[in-house]
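This report goes through a nonpolar surface patch, the salt bridges and two sheets. Please keep the sequence and the model at hand while reading.

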Amino acid sequence: MLAIHSRLRAAVCGIVLAGAAVAQTTVNIPAAADNTLYETIFGDASNGAGGSTFVGTNSFGSIRRAVMRFNVASVVPAGSRILTARLNLFVTQTTVAAPFPMSGHRLTTSWGEATSVASGGGGGGGAAAVGDATWLHRFWNTQLWATPGGDFVATPSFTASMPTTGAFSTNLSRAAADDVQAWLDNPANNHGWLLKAQNETLASTAHRLNSREATSNKPTLVVTYLAPGQLGAYGTGCPTTGTNTAVASYSGSPTGGSTLTINKSQTIPNSLGADFFTLSLDPVGVALLPGCTAYLPLAEVISGNAFVTNAAGAGASTLTVPAGFPGFLISCQAVVLANNPLGFVLTNSALCVTQ
């Protein structure tokens with residue numbers, strides 16, 4: 001049994017992780033503020049109250065970057081764990097014929113949205129009003145960015161391909177979920193994201209996007225979360241027999257000191273398996289086989305109990321919830337030995353948030 005357990009652990013430690021959400025609670029959070037940073041010599045252009053934001057570079061080589069902020073803590077219950085986060089955006093105009101890559105970066109300082117409105121199509125910006133964000137200013141015209149063009153983390157939290165026109169969504173990423181988690185836990189540090197073209201050296205790549213002042217298709221942050229005391233599940237397990245996929249779920253109450261049962265079904269009959277845990281979830285990664293992904297961050301995996309499946313491919317094990325640690329996300333993904341190219345199958349991830 002120890003040798004088999006070691007094989008299972010080695011199998012999990014040799015994979016890169018992936019996933020797609022089975023929503024527990026999903027909310028659409030409207031933008032609380034947005035604006036465009038127009039690259040100009042005097043840094044006096046803005047569009048705080050206009051119906052558009054801009055991302056890319058205009059025909060004269062002048063850069064445009066959008067900034068957006070969402071009041072997560074006003075919508076998501078305190079103590080919840082963020083599973084996924086992505087933006088829904090809408091392009092209304094560009095001269096670029098093909099999808100164009102952009103990235104979103106966490107802003108590290110506060111900024112303003114005031115009453116400025118750009119004339120015409122808005123691409124040139126309007127005269128900044130007091131309190132507006134501009135290329136040089138966090139708040140026109142008294143507080144400067146430490147770096148012209150915005151103070152943001154260089155490593156992107158997410159990416160996306162902007163279409164020629166129409167709706168699009170940013171990709172799921174653990175970094176985006178971590179940003180939103182931090183904003184929920186510490187609202188005072190919620191400064192939102194800056195959106196920029198990945199290549200800002202290419203002229204005539206500016207995209208006009210709807211802002212929160214648009215009449216429709218406004219920017220929305222879509223968040224999936226588990227509240228304290230909730231049980232849930234994430235993703236789809238690997239295929240087993242017929243149309244079945246391996247399934248794991250918790251039953252019981254995730255209260256400190258209580259015992260949860262981890263139920264496995266639709267796995268490999270009369271086989272051996274083991275549970276693996278983390279205190280987080282990675283929403284993206286690499287498919288191990290078609291339809292077979294893993295969701296537990298590699299560096300954080302903790303091995304759990306071994307179990308035996310019955311003739312129907314079902315099995316069970318238990319988990320004692322640690323006392324005195326409310327608000328923790330406990331993710332479990334089970335591995336069962338199988339006669340396939342991997343040598344095992346994975347369940348989906350069973351989830352709970354401790355009370």
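## Nonpolar surface patch

In this predicted model, a nonpolar patch on the surface is formed by Leu279, Phe325 and Phe328. Together these residues have about 290 Å² of accessible area. Phenylalanine 328 is found in the loop between β20 and β21, the latter covering residues 329–337. The relative accessible area of phenylalanine 328 is 34%, so this residue is partly exposed. That value fits its place in the patch, because patches are made of residues with over 30% relative accessible area.

## Salt bridges

The count of salt bridges comes to nine. Side chains of opposite charge can pair when their charged atoms come close. Three of these pairs are described here, beginning with glutamate 200 and arginine 65, whose closest N and O atoms are 2.8 Å apart. The pair links distant parts of the chain, 135 residues apart. Glutamate 200 sits in the loop between β12 (193–197) and β13 (207–210), while arginine 65 belongs to strand β4 (residues 63–70). Glutamate 200 has a relative accessibility of 14% and counts as buried. Arginine 65 is also buried, at a relative accessible area of 9%.

A further salt bridge is made by the side chains of aspartate 179 and arginine 106, at 3.6 Å from N to O. Aspartate 179 is part of helix α2 (residues 174–185) and arginine 106 is part of strand β6 (residues 100–106), so the pair ties together parts that are 73 residues apart in sequence. Aspartate 179 is buried, with 7% relative accessible area, whereas arginine 106 is partly exposed at 30%.

## A pair between strands, and a network

Aspartate 275 and lysine 264 also form a salt bridge, with the closest N and O atoms 3.1 Å apart. Aspartate 275 lies in strand β18 (residues 272–278) and lysine 264 in strand β17, so parts that are 11 residues apart in sequence are tied together by this pair. Both aspartate 275 and lysine 264 are buried. Elsewhere, Arg65, Lys196 and Glu200 are joined into one network by salt bridges that share partners.

## Three-stranded sheet

Strand β17, which holds lysine 264, belongs to an open sheet of three strands in the order β16-β17-β20. The pairing in this sheet is antiparallel. Strands β16 (247–251) and β20 (315–320) are the edge strands, each pairing on one side only. From one strand to the next, the twist averages 25°.

Strand β17 covers residues 259–265 and is joined to β20 by six bridges, the two strands running antiparallel. For leucine 260, the bridge partner in β20 is leucine 319.

## Five-stranded sheet

Strand β18, which holds aspartate 275, is one of five strands in an open sheet with the order β15-β22-β21-β18-β19. Here too the strands pair in antiparallel fashion. The edges are β15 (231–234) and β19 (302–308), and each of these strands pairs on one side only. The twist from one strand to the next averages 25°.

At one edge, β15 is joined to strand β22 (residues 344–353) by four bridges, and the two run antiparallel. Alanine 233 stands opposite alanine 350 in β22.

Definitions and conventions:
Residues numbered from 1 in each chain as written. Predicted model: local features only at pLDDT ≥ 70, side-chain atom pairs only at ≥ 80, totals over all residues. Heavy atoms only, no water. Pairing = 2+ DSSP bridges. Axes fitted to C-alpha atoms, helices over the stretch in contact; angles between N-to-C directions. Patch = residues over 30% accessible without salt bridge, like charges linked within 9 Å, V, L, I, M, F, W, Y side chains within 5 Å. Areas by Shrake-Rupley, 256 points an atom, 1.4 Å probe, with all protein chains shown as cover. Salt bridge = Lys/Arg side-chain N within 4 Å of Asp/Glu carboxyl O. Buried < 20%, exposed > 50% of the residue type's maximum accessible area, 1.4 Å probe, protein only.
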